[in-house]
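This report describes one protein structure, shown below. It goes through single residues, helices, strands and the core.

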Amino acid sequence: QITIDKIAAGEVIERPASIVKELVENAIDAGSTSVTVEIKDGGISFIRIRDNGCGIPKEEVKSAFLRHSTSKIETVEDLSHIASLGFRGEALSSIAAVTRTEVITKTKDSDLGTKYVIEGGKEVSLEETGAPDGTTFLVHQLFYNVPARRKFLKTPMTEAGHVQDLLMHLALSHPEVALQFLNNGQEKLRTSGNGKLKDVIYQIYGRDVAANLIELDYEKGGLRITGFLGKPVITRGNRNFENFFVNGRYVKSGMISKALEDAYRDFVMQHKFPFAVLHFHLNGEEVDINVHPTKMELRFQKQQEVYGTVFEAVHRTLLEPEL
Ligand code: ADP
Ligand code: MG
């Protein structure tokens, strides 16, 4: 089982950001309104994630770390939904297989919490402990037992950058969650959790961007697009300003980028890229889920139609009078 977990971990966990992604998504699934992420050494030696969610009942802590212990899949629609959001009950077992992990967790209706320590997939201890409501994961020494994979990690600075990018995207897709990120004790990101996307944009990108936004809300053929565009006065020399989310999940799509940039063509200089945070809401079955879960590049079944809708939505919004 441990060997299988180590192999599965190779699929799920590439780098510290993969761990942070799984743990923060779990925290959000657990109904947390506040999540704090701390890393040291790019997350290679230390990741701590604290949430105020529902916690894990004592009798379920061990099984949460078993592969496929959680079966949320009940229908075919569920399957496409889950495949688009992530893994099915593999994250904790995979993380535990390649790190030294400690979890302290408590549910509201329990007086005492539980502390569980697991190293390289092997249980070290399970005991009762005093703890606040919610869950704290401590993940140490990524790949300490898989030197071959450790070699592929980049510098702490690069790995920290991946964690920060990921948390930025999670913040933009969850304005209702107060997210805080500390790197080596320094606060790098803090959102209020007040539910307003515009405020999250301000908290991430600052005043210059927040003061130059145009709201977008457009619907056509079962596709709804919401979010904010930057006025043509704010541009960048690369695509890092473009943020797309499909049904709540951060994605990359060359097609959406192209539709967006084509719609801006008459408004910005060549080789300049617009600021955008766009959320796409559509039936999950219209998105091609047959891609590796850690890859974010996605395809729509109706690529051409989606291109047209994005172009139209953006172009019309840019032509609105207040501009
Ligand atoms: P999945 O999220 O696909 O169910 P995971 O391995 O990520 O699989 O998590 C296993 C289970 O552990 C979850 O289904 C959930 O019940 C529990 N769990 C994990 N993290 C948390 C958390 N932060 N708060 C509450 N429960 C959690
Ligand atoms: Mg999960």
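In this predicted model, Ala64 is part of helix α3, which spans residues 61-64. Ala64 has 20 other C-beta atoms within 10 Å, and therefore counts as buried, the cut-off being 20 or more. Between Ala64 and Ala97 there are 13 Å from C-alpha to C-alpha, at a sequence separation of 33 residues.

**Overall composition**

The protein has 323 residues, of which 36% are buried. Its secondary structure consists of 11 helices and 17 strands. Of the contacts between residues at least 6 apart in sequence, 65% link residues that are at least 24 apart.

**The open sheet**

Eight strands form an open sheet with mixed pairing, in the order β5-β4-β3-β6-β2-β1-β7-β8. Its edges are β5 (122-129) and β8, each of which pairs on one side only. From one strand to the next, the twist averages 10°. Helix α2 (residues 16-29) packs on this sheet and touches β1, β2 and β6 (134-140). The direction of α2 makes about 10° with that of β2.

Within the sheet, β1 (residues 34-40) and β2 (residues 46-51) run antiparallel and are joined by 6 bridges. Glu38 has Arg48 in β2 as its bridge partner.

**Strands around β15**

Both β10 (223-230) and β12 (residues 242-246) are joined to β15 (276-281), the former by 6 antiparallel bridges and the latter by 5 bridges in parallel. Gly227 is matched with Leu278 of β15, and Glu242 has Ala276 of β15 as its bridge partner.

Burial is high in β10: because 6 of its 8 residues are buried, the strand is largely enclosed by the rest of the structure. Strand β12 is mostly covered, with 4 of its 5 residues buried.

Each of these strands also takes part in a hairpin. β9 (213-220) pairs with β10, and Tyr218 stands opposite Ile225 in β10. β12 pairs with β13 (residues 249-251), and Val246 stands opposite Arg249 in β13. In the hairpin of β9 and β10, 2 residues lie between the strands, and Gly221 takes a positive phi near 50°. The hairpin of β12 and β13 has 2 residues between its strands, and there Asn247 has a positive phi near 45°.

The strand pairs described above are listed here with their bridge counts and one residue pair for each.

| Strand pair | Sense | Bridges | Residue pair |
|---|---|---|---|
| β1 and β2 | antiparallel | 6 bridges | Glu38 and Arg48 |
| β9 and β10 | antiparallel | 8 bridges | Tyr218 and Ile225 |
| β10 and β15 | antiparallel | 6 bridges | Gly227 and Leu278 |
| β12 and β13 | antiparallel | 3 bridges | Val246 and Arg249 |
| β12 and β15 | parallel | 5 bridges | Glu242 and Ala276 |

**Helices α8 and α10**

In helix α8 (residues 197-205), the buried residues are Leu197, Val200, Ile201 and Ile204. They lie on the same side of α8, because the arc they cover around the axis is only 100°. Their packing partners are α7 (156-173), β8 (186-190), α9 (207-210), β9, β10 and β15. After α8 comes Gly206, with a positive phi near 90°.

Helix α10 (residues 254-264) has Ile256, Ala259, Leu260, Ala263 and Tyr264 buried. These residues are likewise on the same side of their helix, since they cover an arc of only 135° around the axis of α10. They pack against β12, β14 (273-274), β15 and α11 (303-318). Strand β15 thus appears among the packing partners of the buried residues of α8 and among those of α10.

**The nonpolar core**

Which residues touch the most other members of the largest nonpolar core? They are Val20, Val24 and Ile49, in a core of 73 residues. This core draws at least three residues from each of domain 1 (2-190) and domain 2 (208-318).

Leaving aside residues up to four places away in sequence, Val20 touches Val37, Gly43, Ile47, Ile49, Val163 and Leu166. Val20 falls within α2 (residues 16-29), and two of its contacts, Ile47 and Ile49, fall within β2 (residues 46-51). Val37, another residue touched by Val20, falls within β1 (residues 34-40). Both strands are among those that α2 touches where it packs on the sheet.

Notes: Residues are numbered from 1 along each chain as its sequence is written. Chains are lettered from A and ligands numbered from 1 in the order in which they are written. This is a predicted model: local features need pLDDT of at least 70, side-chain atom pairs count only at pLDDT 80 or more; totals for chains, interfaces and linings use all residues. A residue is buried if 20 or more other C-beta atoms lie within 10 Å of its own, exposed if 12 or fewer, and partly exposed in between; C-beta atoms are placed from the backbone. The arc is that of the directions from the helix axis to the C-beta atoms. Two residues are in contact if their C-beta atoms, placed from the backbone, lie within 7 Å. Two strands pair if DSSP finds at least two bridges between them. Axes are lines fitted to C-alpha atoms, for helices over the stretch in contact, and angles run from 0 to 180 degrees between N-to-C directions. A nonpolar core is a set of buried Ala, Val, Leu, Ile, Met, Phe, Trp, Tyr and Cys residues joined through C-beta atoms within 7 Å. Domain bounds come from an automatic or database domain assignment.
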